Amino acid sequence: MNQFSRTALLVGTKGIDKLRDARVAVFGIGGVGGYVVEALARSGVGTFDLIDNDRVCLTNLNRQIIATHSTIGEYKVDAAKRRVLDINPEAVVHTYKTFFLPETASNFTFSAYDYVVDAIDTVTGKIQLVLEAHSARTPIISSMGAGNKMDPTAFRVTDLYQTKVCPLAKVMRRELKKRGIEQLKVVYSEEVPMTPCDDAAVCQELLEENKEMYVVKTRIPGSNAFVPSVAGLIIAGEVVRDLIQM
């Protein structure tokens, strides 16, 4: 009997072995990515590469699983690593305090990964992740927009070119088509994004706390505890399923 016995009843011992031997890179340890890491750790994935240069802040507490009052100020990758090892002390966790962009892509060897999870926000970074994974022939799944949404039942798993409604997916379709990428597994929401309340006081607080993050954004997105988490758990489920079928 071990901590993954209940999972073994569903995926078999061979599946557990594949998960233990797998190396998964998660880019972006926020509202979506944090839950991906959580579920993969509890599923028995053996090796993680966690990439994020951000620190936990007060406004992360409403939706990010690694965010507690005791982790405020910590790098997210450090908080996530400690959590993974508390769940599974035998796991191996590599952390990178890096903001992934085309300029930093050379810091990572994509052929070393069995799976890549794209849970970052910047379009240029997302595009580069897909290009790098495609070049290395490494499976990748991308999270589309989860901000300004309230319906956790509206998520779908599909190919990027079958998406609709999502503004981020629209941009990704256009840009990846230009680059010759013919398919990409994504998790996206069919919910029409809401317009955030124009509360000047709240917006000013967020801008002061996250100057670097929001310096290029015209409007700060709203979020909650139940939409990004569902996206992250769906992604983790897809990763587990694909890994045990490899």
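This dialogue reads the sheet and the nonpolar cores of a predicted model.

User: What should I keep in mind about numbering and confidence?

Analyst: Residues are numbered from 1 along each chain as its sequence is written, and side-chain values use heavy atoms, with hydrogens and water left out. Because the model is predicted, local features need pLDDT of at least 70 and side-chain atom pairs count only at pLDDT 80 or more, while totals for chains, interfaces and linings use all residues.

User: In what order do the strands of the open sheet run?

Analyst: Strands of a sheet pair through backbone hydrogen bonds, either parallel or antiparallel. Here strands are DSSP runs (E, at least two residues; helices are H or I, at least four), and two of them pair if DSSP finds at least two bridges between them. The 7 strands follow the order β3-β2-β1-β4-β5-β7-β6, with mixed pairing, and the edge strands, β3 (92-96) and β6 (155-159), each pair on one side only. β6 and β7 (residues 185-189) are antiparallel over 5 bridges, with F155 opposite S189.

User: Which residues does F48 touch?

Analyst: Contact means heavy atoms within 4.5 Å. Leaving aside residues up to four places away in sequence, F48 touches V24, V37, L40, A41, V84, V92, V93 and H94.

User: Which helix gives the most to the largest nonpolar core?

Analyst: A nonpolar core is a set of buried Ala, Val, Leu, Ile, Met, Phe, Trp, Tyr and Cys residues joined through side-chain atoms within 4.5 Å, buried being under 20% relative accessible area with a 1.4 Å probe, protein chains only. The largest has 40 residues, of which V24, L40, F48, L50, V117 and V239 touch the most other members; α8 gives the most, with 7 residues.

Methods:
Buried < 20%, exposed > 50% of the residue type's maximum accessible area, 1.4 Å probe, protein only.
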